[in-house]
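Reader: Could you walk me through this one? I'd like to start with the core and then move on to the strands.

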Amino acid sequence: MAQNGKITLGILSVASPQYVFIGKGDKIIAQKEISDFNNGSNKILPYAIECLEQAGIELTQVNYFLALAGPGSLTGIRAGLSPIRAWGYSLGKSVFALSSLEVLAFGMDKPTLALLPAKKGEFWVQSFTDGFMDEPMIITEDKLIEKDLPNWTWVCSKPVIAQKAKVIIQSPLPEQALRLSLQKEPKPWTKAIPEYHFEMTND
């Protein structure tokens, strides 16, 4: 579990917008947003340098590195995990490889359904109720109606339509990832591997 006052460099790259951020304890002290998902991986390292400069921190002062392990595009997952694995290895630091859906649902009113686009016409979904969460699964868009329930909050990175549930459109946010990491145990860089990924299609 990360301790207050520790420095975290995070990359959230599985959905648009993407983020690079620096956290100290549970506070974000620098962040950059990447709105162009297709070219986002080209901006991650320059933006990480900018965030470090903005925060007045050297890379060697970072205590933890953080990225999303999935679900999500394998390209997006790799764009985040590759640098944090490299930094963890070269600097001997621990990393957080967090669930994209768990970050997306963190801090939302329960019960929550977190959704991320999968292949065309499909979504990764995971349900969160007080003290319990289902396993992530892929469902087709037409099946979402079965999960459209009163008093539920849907949070998704792209617009979805619900008649009964409250809908929030956002990608995983730095504040969510940083505060969730405070409840998790960091891992050695060798344990930061993709989970629940898919290959993007062009259609």
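**Core and strands**

Author: In the largest nonpolar core, which has 49 residues, the ones touching the most other members are Leu9, Ile22, Ile84 and Leu98. A nonpolar core here is a set of buried Ala, Val, Leu, Ile, Met, Phe, Trp, Tyr and Cys residues joined through side-chain atoms within 4.5 Å, and buried means under 20% relative accessible area, with a 1.4 Å probe and protein chains only.

Reader: Which element gives this core its largest share?

Author: Strand E4 does, with 6 residues; strands are DSSP runs of at least two residues, numbered from the N terminus.

Reader: Before I go on, what kind of model is this?

Author: This is a predicted model, in which local features need pLDDT (the predictor's confidence in each residue, from 0 to 100) of at least 70, and side-chain atom pairs count only at pLDDT 80 or more, while totals for chains, interfaces and linings use all residues. Residues are numbered from 1 along each chain as its sequence is written, and side-chain values use heavy atoms, leaving out hydrogens and water.

Reader: How many of E4's residues are buried?

Author: E4 covers residues 64-70, and 7 of its 7 residues are buried.

Reader: Which strands does E4 pair with?

Author: E4 pairs in the parallel sense with E1 (residues 7-12) over 4 bridges, and 6 bridges join E4 to E6 (residues 94-99), also parallel; two strands pair if DSSP finds at least two bridges between them. Thr8 has Tyr64 as its bridge partner in E4, whereas Gly70 has Ser99 in E6.

Terms used:
Buried < 20%, exposed > 50% of the residue type's maximum accessible area, 1.4 Å probe, protein only.
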